[in-house]
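Let us walk through this model together, starting from its interior and working outwards. Please keep the viewer open as you read.

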Amino acid sequence: MVLLAAALVVSGCKVDQKKEVGLYRKVLDDNRLEKLKNEPAQDEALTLNEAMALANQSNENLGLSGEDYVQALIEKNRAVSNFLPTVSLQPNYTLADKPVGPIAKSIGTPTAGAFRVTGDTEQRFEAPLVGSINVFRGFGDVYNLRAAEAIIAQRRELLLDLQATILLNVAQTYYQILRSERSVGVLQHSLDLQTARLADVTQQFKNGLATKLAVSQTRAEMDATRVTLVQTESDVRNGRSVLAGLIGTAHVTNRLADTFALPADVGEETAWEKRALANRQDLKAAKASLEAARQGVKVAVSQYWPSVEVDVEGFLYREYFADASKWNAILSANIPIFSAGRIEADVRTAWSQLRQAALEESAVRRQALQDVQVAYENYRTAGRRLAELQDEEQAATDSYNQSLGAFQNGLAINLDVLTSLDQLLNAQLQLAGTSFDRTVFYLDLVRATGQLVAEVSGGKPTNRIASAN
């Protein structure tokens with residue numbers, strides 16, 4: 001019997017770590033986001049979807065939040081255990097000095113459960129199997145189980161909300177790198193033009209067709225562009241380091257490819273607000289937390305109710321077993337009469353926590369609507385800016401070509417050429433940045449509705465079906 005008990009204890013201590021981790025990995029991987037086993041080869045492009053999949057697979061913060069979810073599941077098991085009996089083997093061995101004198105004469109022959117006399121000692125060995133079961137605790141166990149289920153729902157939604165936040169961070173970093181790399185290309189092209197321009201102006205100065213001021217102005221403009229290029233190249237390297245940290249790799253050397261297609265029309269803002277109220281994970285988590293707080297109030301109030309418990313003890317072995325009781329049972333009740341204000345304090349605290357949860361849910365709801373409104377406005381504004389910048393870039397190109405031709409024909413000064421070149425450079429940089437910003441603003445808008453994962457993983461969120469033309 002002792003060996004059996006030891007075997008049960010050892011088996012109960014063994015935990016399948018892989019299975020435990022799989023509890024929260026199933027939540028993260030069941031959302032259709034492509035799961036990659038290997039990083040792309042160095043000669044392959046790293047797409048946004050692949051970068052997000054790597055982050056979903058490797059980011060440590062997701063693991064930390066996932067363990068919170070696992071612990072909530074464990075707490076539910078603990079709550080369920082309150083409805084089940086407990087059984088334990090409690091063997092005991094007692095050794096005492098044999099009484100002498102009048103006390104020994106008064107004891108006489110050993111009775112049920114008495115000691116066995118061995119020399120100058122009395123010994124007793126018993127092996128009771130003790131069981132206990134909760135009969136009634138004022139429905140507190142029921143409410144505690146419901147609260148545990150609500151906390152599980154809260155932790156699950158918080159895990160998904162963190163996942164969406166991390167994936168949005170990946171997208172923002174990804175497009176920041178693309179923006180910086182595009183800027184490097186624009187600056188490099190401009191630097192090539194300015195280098196050629198400096199050589200041309202220098203030659204004209206040697207031939208007496210340009211002033212020394214024109215040469216100095218051209219060189220200064222070229223040096224300023226070179227400084228901007230150095231800083232932008234540094235931004236690319238830093239961005240790749242940040243992206244590597246997000247997706248769990250040491251370095252990101254792959255080429256990045258913008259393959260994400262924006263919808264033709266995003267529809268009305270009110271439609272996005274409705275989706276946010278229906279799908280935002282942090283809002284769902286706040287609602288689950290509110291429900292857990294409601295159940296917490298009921299758990300606290302249940303302490304005013306009487307509680308009933310049954311304890312049963314059956315002896316597998318006992319000294320003088322034939323004459324001793326083979327089992328006994330105790331039915332006990334506890335009726336609270338005076339608790340020195342402890343129960344009242346628990347109830348008041350529970351109500352305070354419920355009010356806090358209600359305020360938190362209201363604040364999250366308000367924040368969800370605000371996030372949609374800001375993201376929607378940013379996206380629409382970026383679209384309008386992009387159209388204007390395309391016109392500006394074309395006009396700046398025409399202006400540069402005309403000023404260059406006029407200077408070569410003696411109809412303009414070098415400053416006119418440099419000014420038009422500076423305008424062209426600024427227009428190109430703004431156009432490159434705004435085109436990527438618009439994509440990020442759209443992803444931010446989708447994130448604000450809680451549908452980012454469905455959007456980037458090949459799913460079809462409601463907004464594209466209802467509003468795309």
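Of the 62 residues in the largest nonpolar core, which touch the most other members? They are Tyr174, Tyr175, Ile247, Trp272, Tyr442 and Leu443. Helix α6, spanning residues 140-206, supplies the largest share of this core, with 18 residues. In soluble globular proteins, nonpolar side chains tend to be buried together. Tyr175 is a good residue to select in the viewer: beyond its neighbours within four places in sequence, it contacts Leu48, Asp258, Phe260, Phe436, Thr439, Val440 and Leu443. Apart from this core lies another one, made of 9 residues, including Ala293, Val347, Ala350 and Leu354.

Before going further, a word on confidence is in order. What you see is a predicted model, with a pLDDT that averages 85 over the chain and reaches at least 70 for 88% of the residues. Among the elements, helix α9 (residues 281-301) has the highest mean pLDDT, 95, while helix α13 (residues 462-467) has the lowest, 38. Over residues 460-469 the pLDDT stays under 50, and the model has 26 contacts beyond four places in sequence for that stretch.

Now for the overall picture. The chain holds 13 helices and 8 strands, and 39% of its 469 residues count as buried. Among contacts with a separation of 6 or more, 81% join residues 24 or more positions apart.

Helix α7 invites a quick check of geometry. How far apart are the end C-alpha atoms of α7? They are 53 Å apart, which agrees with the 52 Å that its 36 residues should span at 1.5 Å a residue. Just after α7 comes Gly248, with a positive phi of about 80°.

The same helix takes us to the charged side chains. Side chains of opposite charge can pair when their charged atoms come close. The count of salt bridges in the model comes to 16. One of them joins Arg240 and Glu181, with 2.8 Å from N to O. This pair links distant parts of the chain, since Arg240 belongs to helix α7 (residues 212-247) and Glu181 to helix α6, 59 residues apart. Arg240 is buried, at a relative accessible area of 15%, whereas Glu181 is partly exposed at 26%.

Another salt bridge brings together the side chains of Arg280 and Asp282, again described by an N to O distance of 2.8 Å. Are these partners buried or exposed? Arg280 counts as buried at 4% relative accessibility, and Asp282 counts as buried at 17%.

Helix α10 offers a further pair. Arg342 forms a salt bridge with Asp346, and their closest N and O atoms are 3.7 Å apart. What separates Arg342 and Asp346 along helix α10? About one helical turn, because the two are 4 residues apart in this helix, which covers residues 342-408. An α-helix has 3.6 residues a turn, so residues three or four places apart point the same way. Arg342 counts as partly exposed at 45% relative accessibility, and Asp346 is partly exposed as well, at 31%. Elsewhere, Arg137, Asp141 and Glu309 are joined into one network by salt bridges that share partners.

Next, have a look at the strands. Strand β7 (residues 307-318) pairs with β8 in the antiparallel sense over 8 bridges. To find the register, place Asp311 opposite Ile330 in β8. How many of the 8 residues in strand β8 (residues 327-334) are buried? The count is 0, and the strand is hardly covered.

Finally, two loops deserve a glance at their backbone angles. Most residues other than glycine have a negative phi, and most peptide bonds are trans. Phe139 is not a glycine, yet its phi is positive, at about 65°. Phe139 sits in the loop between β5 (121-136) and α6, and it is partly exposed, with a relative accessible area of 43%. Ala340 also has a positive phi, near 60°, in a residue other than glycine. Ala340 lies in the loop between β8 and α10, where it counts as exposed at 61% relative accessibility.

Definitions and conventions:
Residues numbered from 1 in each chain as written. Heavy atoms only, no water. pLDDT = per-residue confidence, 0-100. Contact = heavy atoms within 4.5 Å. Core = buried A, V, L, I, M, F, W, Y, C linked by side-chain atoms within 4.5 Å. Buried < 20%, exposed > 50% of the residue type's maximum accessible area, 1.4 Å probe, protein only. Pairing = 2+ DSSP bridges. Salt bridge = Lys/Arg side-chain N within 4 Å of Asp/Glu carboxyl O. Expected span 1.5 Å × (residues − 1).
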